[in-house]
Amino acid sequence: MKVTVINGQNHKGSTWNMGNILAKKLSSDVKEIFLPRDFGEFCCGCTNCFVKNEKLCPHYEKLKPITDAIDEADVLIFTTPVYVYHCTGSMKAFLDHYGYRWLIHRPEAKMFSKQAVILSTAAGAGMKSANKDIKDSMFFWGIAKTYCYGKAVMAVSWDTIQEKKKIQIEKKLDSIAGKIKSHNGKIKPSIKTRVFFSIMGKFHKSGFNKADDKYWEEKYQFGKIKPWNL
């Protein structure tokens with residue numbers, strides 16, 4: 001099982017520790033990305049990825065190694081500390097670059113067999129909204145199954161978290177790891193995703209964006225070819 005971890009901050013704090021624990025429970029084949037260290041560019045809104053080709057994005061070459069790591073992984077782990085009730089700015093800027101991969105545009109077939117985990121921590125609250133920032137992209141990427149876990153650690157560092165809370169975290173991560181392993185290699189996206197995919201196929205058959213329409217015709221025959229069956 002290949003795992004790619006994308007951290008929404010450079011430092012190895014509480015959320016990173018959760019992601020690291022989970023990754024080790026799943027595999028020894030782990031690639032780790034730190035934002036903004038490994039990618040810190042903001043989308044400039046040129047729309048080239050939508051109306052022409054994602055390779056025309058001014059940040060395409062810098063982003064490509066991370067895109068390759070995402071595509072090659074069986075499991076994606078996203079970690080983010082809560083910043084003002086949302087994910088970090090570096091995580092949001094990173095996800096902005098993959099708008100062209102959303103179901104309404106040019107979804108990548110490899111996504112429909114993957115599992116993803118979103119992990120967040122806060123000294124107080126905001127984990128649900130921070131997780132949703134990332135979960136929205138997971139749905140529109142076509143990810144087959146996404147697990148979310150947010151924990152109010154009541155601390156600003158991993159070392160100062162109460163041992164009782166660390167035990168709770170360990171148990172929860174054990175549960176998530178067990179589910180991921182049981183589904184690995186045989187999971188398919190939800191009915192909601194499959195219905196949305198079919199609707200988008202018909203949408204592009206009627207004509208929307210030339211680059212997207214051509215992609216849907218050549219890759220999916222406007223929805224007749226199902227990526228989760230490939």
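Buried residues are those under 20% relative accessible area. The legends below describe close-up views of a predicted model.

**Figure 1. Surroundings of Val5 in strand β1 of the predicted model.** Strand β1 spans residues 2–7 and includes Val5. With a relative accessibility of 3%, Val5 counts as buried because the cut-off is 20%. Apart from neighbours within four places in sequence, the contacts of Val5 are Ala23, Val30, Lys31, Glu32, Ile33, Ile77 and Thr79. Phe78 is separated from Val5 by 73 residues in sequence, yet their C-alpha atoms are 5.9 Å apart in space.

**Figure 2. Packing of helix α1 with helix α6.** The view shows α1 (residues 14–26) and α6 (residues 163–183), whose axes come within 9 Å and cross at roughly 40 degrees. This angle makes α1 oblique to α6. The crossing of the two helices is right-handed. On the α1 side, the contact is formed by Met18, Ile21, Leu22, Lys25 and Leu26. On the α6 side, these meet Ile169, Glu170, Leu173, Asp174, Ile176, Ala177, Ile180 and Lys181. By residue class, the contact of α1 with α6 comprises 9 nonpolar and 4 charged residues, and no polar ones.

**Figure 3. Packing of helix α7 with helix α8.** Helix α7 covers residues 191–205 and helix α8 covers residues 210–220; their axes are 9 Å apart, at an angle of about 120 degrees. The two helices are therefore oblique to each other. The crossing of α7 and α8 is left-handed. Phe197, Met200, Gly201 and His204 of α7 are in contact with Asp212, Asp213, Trp216 and Tyr220 of α8. The contact of α7 with α8 divides into 4 nonpolar, 2 polar and 2 charged residues.

**Figure 4. Cysteines 44, 46 and 57 without a disulfide.** The structure holds 0 disulfides. For Cys46, the closest cysteine sulfur is that of Cys44, at 4.3 Å; this is too far for a bond, because a disulfide requires sulfur atoms within 2.5 Å. Cys57 is likewise in no disulfide, the nearest cysteine sulfur being that of Cys46, 6.0 Å away. Cys46 is partly exposed, with a relative accessible area of 33%, whereas Cys57 is buried at 18%.

**Figure 5. Backbone geometry in two loops.** The peptide bond that joins Leu35 and Pro36 is cis, with omega of about 10 degrees. Pro36 belongs to the loop between β2 (29–34) and α2 (48–51). In the loop between β3 (75–81) and α4 (89–96) lies Val84, which has a positive phi of about 40 degrees although it is not a glycine. The relative accessible area of Val84 is 76%, and this residue is exposed. Tyr85 is placed in the loop between β3 and α4 as well. For Tyr85, another non-glycine residue, phi is also positive, near 70 degrees.

**Figure 6. Met154 in the loop between β5 and α6.** Strand β5 covers 145–152, and Met154 lies in the loop between this strand and α6. Met154 counts as exposed, at 57% relative accessibility. Not counting residues up to four places away in sequence, Met154 touches Ala122, Ala123 and Lys165. The C-alpha atoms of Met154 and Gly19 are 18 Å apart in space, and the two residues are 135 residues apart in sequence.

Methods
Residues numbered from 1 in each chain as written. Predicted model: local features only at pLDDT ≥ 70, side-chain atom pairs only at ≥ 80, totals over all residues. Heavy atoms only, no water. Axes fitted to C-alpha atoms, helices over the stretch in contact; angles between N-to-C directions. Helix = DSSP H or I, 4+ residues; strand = E, 2+ residues; numbered from the N terminus. Parallel < 35°, antiparallel > 145°, perpendicular 65-115°, else oblique. Left-handed = near helix turned anticlockwise from the far one by under 90°. Contact = heavy atoms within 4.5 Å. Nonpolar A, V, L, I, M, F, W, Y, C, P; charged D, E, K, R; others polar. Buried < 20%, exposed > 50% of the residue type's maximum accessible area, 1.4 Å probe, protein only.
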